[in-house]
Amino acid sequence: MDIITLFTLAVGLSMDAFAVSVCKGLATEKLAPKHMILGGLWFGGFQALMPVIGYFLGSQFKDKITSIDHWIAFFLLGFIGINMIRESREKDDSCPVGGMEAKKMFPLAVATSIDALAVGITFAFLDVNIILAASFIGIITFILSAAGVKVGNIFGSKYKSKAELAGGIILILLGTKTLLEHLGIF
């Protein structure tokens, strides 16, 4: 996987975390740098951890389904992307409760990184360097989540649905690219 594709994938995966970070920033009255760092660490950390878990799960089945791995990647990325687009269209303007305590951040970090788990499974089929990919995804998510807290504090929640829509489109396009490359079309 080339660096541009990995960067695009990392941005797409981080859009859920960015959207929740915007809400966290919206709910934070007196924003301090520690809020941005905590948001980045929680979301970036889980976005880095989940692909690794997915990779090791996917590695268990890799040899049995090599002939259809590109279809699995296409359907997983497409499914995740469609769900993100659907969520971006919902009129739910609610944001998670403010605060950066572990009991509030842990479930949000897990929920926003489930798609990264599925991508990690895909990485196993594509023989991606998981340490490099997971680190890169974590760093990109850290940066975007920290920025999301700041954006939310300044501008409010108007960017939440746009971020989810963009992330969904990116994941669908990457799934399609993977399929077309394996079919020899691209």
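Visitor: Where is the place of valine 119?

Guide: Welcome! In this predicted model, valine 119 sits in helix α4, which covers residues 102–126.

Visitor: What makes valine 119 count as buried?

Guide: Its relative accessibility is 1%, and buried means under 20%. Since 1% falls under that cut-off, valine 119 is called buried.

Visitor: Which residues is valine 119 in contact with, leaving aside neighbours within four places in sequence?

Guide: Leu9, Leu13 and Leu77. Contact here asks for heavy atoms within 4.5 Å. You can also look at glycine 54: it is 65 residues from valine 119 along the chain, yet their C-alpha atoms are separated by 7.0 Å.

Visitor: Let's move to threonine 28. Why is threonine 28 called buried?

Guide: Threonine 28 has 10% relative accessibility, and the limit for buried is under 20%, so the label fits. This residue lies in the loop between α1 (3–26) and α2 (33–59). Not counting residues up to four places away in sequence, threonine 28 touches His35 and Asn153.

Visitor: Now the aromatic rings. How many aromatic pairs does a search of the whole structure find?

Guide: Seven. One of them joins phenylalanine 74 and phenylalanine 75, with 5.3 Å centre to centre and 65° between the planes.

Visitor: What makes the pair of phenylalanine 74 and phenylalanine 75 edge-to-face?

Guide: Two checks. Ring centres must lie within 6.5 Å, and this pair has 5.3 Å. Planes over 60 degrees apart count as edge-to-face, and these are at 65°. Elsewhere, ring pairs link Trp42, Phe46 and Phe106 into a cluster.

Visitor: Why is phenylalanine 74 called partly exposed, and why does phenylalanine 75 count as exposed?

Guide: Phenylalanine 74 has a relative accessible area of 23%; partly exposed lies between the 20% and 50% limits, so 23% belongs there. Phenylalanine 75 has 52% relative accessibility, and exposed means over 50%, so phenylalanine 75 is exposed.

Visitor: Stepping back, how many helices and strands does the protein have?

Guide: Six helices and zero strands, running α-α-α-α-α-α from the N terminus on.

Visitor: How do you know that the radius of gyration agrees with a compact globule?

Guide: For 186 residues, a compact globule would have a radius near 16 Å, and the protein has 16 Å, so the two agree. Its C-alpha atoms fill a box of roughly 55 × 30 × 25 Å along the principal axes, and 44% of the 186 residues count as buried.

Key:
Residues are numbered from 1 along each chain as its sequence is written. This is a predicted model: local features need pLDDT of at least 70, side-chain atom pairs count only at pLDDT 80 or more; totals for chains, interfaces and linings use all residues. Side-chain values use heavy atoms; hydrogens and water are left out. Helices (H or I, at least four residues) and strands (E, at least two) are DSSP runs, numbered from the N terminus. Buried means under 20% relative accessible area, exposed over 50%, partly exposed in between (1.4 Å probe, protein chains only). The radius of gyration is taken over C-alpha atoms; the globule rule is 2.2 Å times the number of residues to the power 0.38. Rings of Phe, Tyr and Trp (its six-membered ring) pair if their centres lie within 6.5 Å; planes under 30 degrees apart count as stacked, over 60 as edge-to-face and the rest as tilted.
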